Amino acid sequence: MRSAIFPGTFDPVTMGHLDLIERGLKMFDRIIVAVSSKPDKDLLFSVEERVEMIREATKGMKNVEVSHFSGLLVDYARKAGIEIVIRGLRAVSDFEYEFQMALMNRKLSGSIEAVFLMPSEQYSYLNSTVVKEIARMGGNVSELVPPSVATRLKERLG
């Protein structure tokens, strides 16, 4: 069984993330969505809440597992026995950071390979930070996130 890890903070999960999971399932038999605790980031939702939101959003997708990790991604991947990491590239600006991270992960592990996927055009501008900002300002995020996430954003941000 060919497996891949799709890591991120997913604060919150967006339709762009789900699009990448669906694209990844065309190439891999199983995808583990690995939610990073990232204590250095200013997060709106706890790691448990983010895991729960992703599980709700992916419940109809076969062969998708959701878990969380702290520390280095390469350590998590080694423990899971997976050597493929899926990363999304929305724009050229993402490439430099993702390229650097992919090379560093390879250096640290010796075996990790990155697969870069582009989202559908309608999600190429979308990220969690933009979604949170729109929600904070009272904007409609219903087309940007799953319904359960839109509800949680409204509850959390008023």
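1. Let's start with Glu83. Leaving aside residues up to four places away in sequence, Glu83 touches Ser111, Ile112 and Glu113. This is a predicted model, so please read every contact below in that light. Glu83 itself sits in the loop between helix 3 and strand 4 (84–88). With a relative accessible area of 45%, Glu83 is partly exposed. There is also a C-alpha pair to look at here: Glu83 and Ala114 are 31 residues apart along the chain, and their C-alpha atoms are separated by 8.5 Å.

2. Now take the other side of that contact. Ser111 belongs to the loop between helix 4 and strand 5 (113–117), and at 29% relative accessibility it counts as partly exposed. Again not counting residues up to four places away in sequence, Ser111 touches Glu83 and Arg106. So what we have is a loop residue following helix 3 in contact with a loop residue following helix 4. For a longer span from Ser111, try Arg2: the two are 109 residues apart in sequence, and 15 Å separates them in space, C-alpha to C-alpha.

3. Those two loops lead back to their helices. Helix 3 (residues 73–80) packs on helix 4 (residues 92–109) at an angle of about 55 degrees, and their axes are 9 Å apart. That angle makes helix 3 oblique to helix 4. The crossing is right-handed. Helix 3 brings Leu73, Val74 and Arg78 to the contact, while helix 4 brings Asn105, Leu108 and Ser109. Sorted by class, the contact of helix 3 with helix 4 has three nonpolar, two polar and one charged residues.

4. Arg78 deserves a second look, as it has a partner inside its own helix. The side chains of Asp75 and Arg78 meet in a salt bridge, at 3.0 Å from N to O. Both residues lie in helix 3, three residues apart, or about one turn of the helix. How accessible are Asp75 and Arg78? Asp75 is partly exposed, at a relative accessible area of 32%, and Arg78 is partly exposed too, at 49%. With the cut-off for exposed set at over 50%, the 49% of Arg78 stays in the partly exposed class.

5. Helix 2 and helix 6 make another pair to check. Their axes come within 9 Å and cross at roughly 150 degrees, which makes helix 2 roughly antiparallel to helix 6. Which residues meet here? Helix 2 supplies Glu49, Glu52, Met53 and Glu56, and these meet Ser148, Val149, Arg152 and Arg156 of helix 6. By class, the contact of helix 2 with helix 6 divides into two nonpolar, one polar and five charged residues.

6. Within that contact, look at Glu52 and Arg152. Their side chains meet in a salt bridge, at 2.5 Å from N to O. Glu52 lies in helix 2 (residues 47–58) and Arg152 in helix 6 (residues 147–157), so this pair ties together parts that are 100 residues apart in sequence. Buried or exposed? Glu52 counts as partly exposed, at 40% relative accessibility, whereas Arg152 counts as buried, at 17%. Through shared partners, salt bridges join Glu52, Glu56 and Arg152 into one network.

7. Helix 1 (residues 15–25) has a salt bridge of its own, between the side chains of Arg23 and Asp19, at 3.0 Å from N to O. Both residues lie in helix 1, four residues apart, about one turn of the helix. Arg23 counts as partly exposed at 28% relative accessibility, but Asp19 is buried, with a relative accessible area of 9%. For the full tally, the count of salt bridges comes to ten.

8. Last, a loop residue with a longer list of neighbours to go through. Thr9 is found in the loop between strand 1 (3–8) and helix 1. At 14% relative accessibility, Thr9 counts as buried. Which residues does Thr9 touch, not counting those up to four places away in sequence? They are Val35, Ser36, Lys38, Lys41, Leu43 and Arg50.

Conventions
Residues are numbered from 1 along each chain as its sequence is written. This is a predicted model: local features need pLDDT of at least 70, side-chain atom pairs count only at pLDDT 80 or more; totals for chains, interfaces and linings use all residues. Side-chain values use heavy atoms; hydrogens and water are left out. Axes are lines fitted to C-alpha atoms, for helices over the stretch in contact, and angles run from 0 to 180 degrees between N-to-C directions. Helices (H or I, at least four residues) and strands (E, at least two) are DSSP runs, numbered from the N terminus. Angles under 35 degrees count as roughly parallel, over 145 as roughly antiparallel, 65 to 115 as roughly perpendicular and the rest as oblique. A crossing is left-handed if the near helix is turned anticlockwise from the far one by less than a right angle, and right-handed if clockwise. Contact means heavy atoms within 4.5 Å. Ala, Val, Leu, Ile, Met, Phe, Trp, Tyr, Cys and Pro count as nonpolar, Asp, Glu, Lys and Arg as charged, and the others, Gly among them, as polar. A salt bridge is a side-chain nitrogen of Lys or Arg within 4 Å of a carboxyl oxygen of Asp or Glu. Buried means under 20% relative accessible area, exposed over 50%, partly exposed in between (1.4 Å probe, protein chains only).
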